[in-house]
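Subject: The model for you to look at

Hi,

Here is the structure I said I would pass on. Have a look at it first, and then read my notes underneath.

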Amino acid sequence: MSNEAADRQQQKVTEFLRLLPLTAALAGLPEAGVTPARLQHFFKSAFMKAEVDDDGDVKVKSDAGITVWISIEAERKLLKYVATYGFKEDATEVDRLQLVNTLNDNVILVRFSVPRDDVLMADYYLYYEEGIVPYQIVNTLRHFANITVKAIREYDNEDLIE
């Protein structure tokens, strides 16, 4: 092999190695690589405040101003996004349930529930079997937070949420 051919070969190898991180990012995160630490890294890379709590959930401060917890349900290959709000003390059970029904009737992608008398919970599940692209993990959080905030502003006409 001539020096010129060897230089071209080395240039191709260098170019390949330069593109490798981009290729890995586009290829996505393998199923086994979905860990709290990895999720935290993705959110921090997107300039969001993120920390892993003692239960292994990732707590993220969203661009929309709310805190979202992401838990990994490994056996079902799901990421669960959760946000909670408090109801005001004077909110009646009928008012709370009417709000939840209105939210669930009108809002797509986010599910709302009342797990306790004083809590409104919003959640969303993202499937990651066979792997997932990091962009999808971060973008899903942004959409979830924005939809949740907008829905409560639009449908909490009785001012039940603190």
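Reading from the N terminus, the elements run α-α-β-β-β-β-α-β-β-α. That makes four helices and six strands in the chain. Keep in mind that this is a predicted model.

A few totals before the details. The chain has 162 residues, and 35% of them count as buried. Its exposed area comes to about 10200 Å², with carbon and sulfur atoms supplying 51% of that. As for contacts between residues with a separation of 6 or more, 59% join residues 24 or more positions apart.

I spent a while on helix H2, which covers residues 36-45. Its buried residues are Leu 39, Gln 40, Phe 42 and Phe 43. Looking down the axis of H2, you find these buried residues within an arc of 160°, so they line one face of the helix. What do they pack against? The partners are strand S1 (49-52), strand S2 (58-61), S3, strand S4 (78-86) and helix H4 (134-155). Once you are past H2, check Phe 47 too: its phi is positive, near 65°.

S3 brings me to Ile 72, which sits in that strand (residues 67-73). Is Ile 72 buried or partly exposed? Its relative accessible area is 24%, and buried means under 20%, so Ile 72 ends up as partly exposed. If you set aside the neighbours within four places in sequence, Ile 72 is in contact with Val 34, Thr 35, Pro 36, Leu 39, Leu 78, Leu 79 and Tyr 128. Leu 39 in that list is also one of the buried residues of H2. The pair Ile 72 and Val 34 is worth displaying: they are 38 residues apart in sequence, yet their C-alpha atoms are 7.9 Å apart in space.

The other residue I picked out is Arg 96, in helix H3 (residues 93-106). Is this arginine buried or exposed? Arg 96 has a relative accessibility of 10%, and because the cut-off for buried is under 20%, Arg 96 counts as buried. Which residues does Arg 96 touch, leaving out the neighbours within four places in sequence? The contacts are Phe 87, Ala 91, Val 114, Asp 117 and Leu 160.

That is what I have for now. Send me your comments whenever you get to it.

Cheers

Technical notes
Residues numbered from 1 in each chain as written. Predicted model: local features only at pLDDT ≥ 70, side-chain atom pairs only at ≥ 80, totals over all residues. Heavy atoms only, no water. Helix = DSSP H or I, 4+ residues; strand = E, 2+ residues; numbered from the N terminus. Buried < 20%, exposed > 50% of the residue type's maximum accessible area, 1.4 Å probe, protein only. Contact = heavy atoms within 4.5 Å. Areas by Shrake-Rupley, 256 points an atom, 1.4 Å probe, with all protein chains shown as cover. Arc of directions from axis to C-beta.
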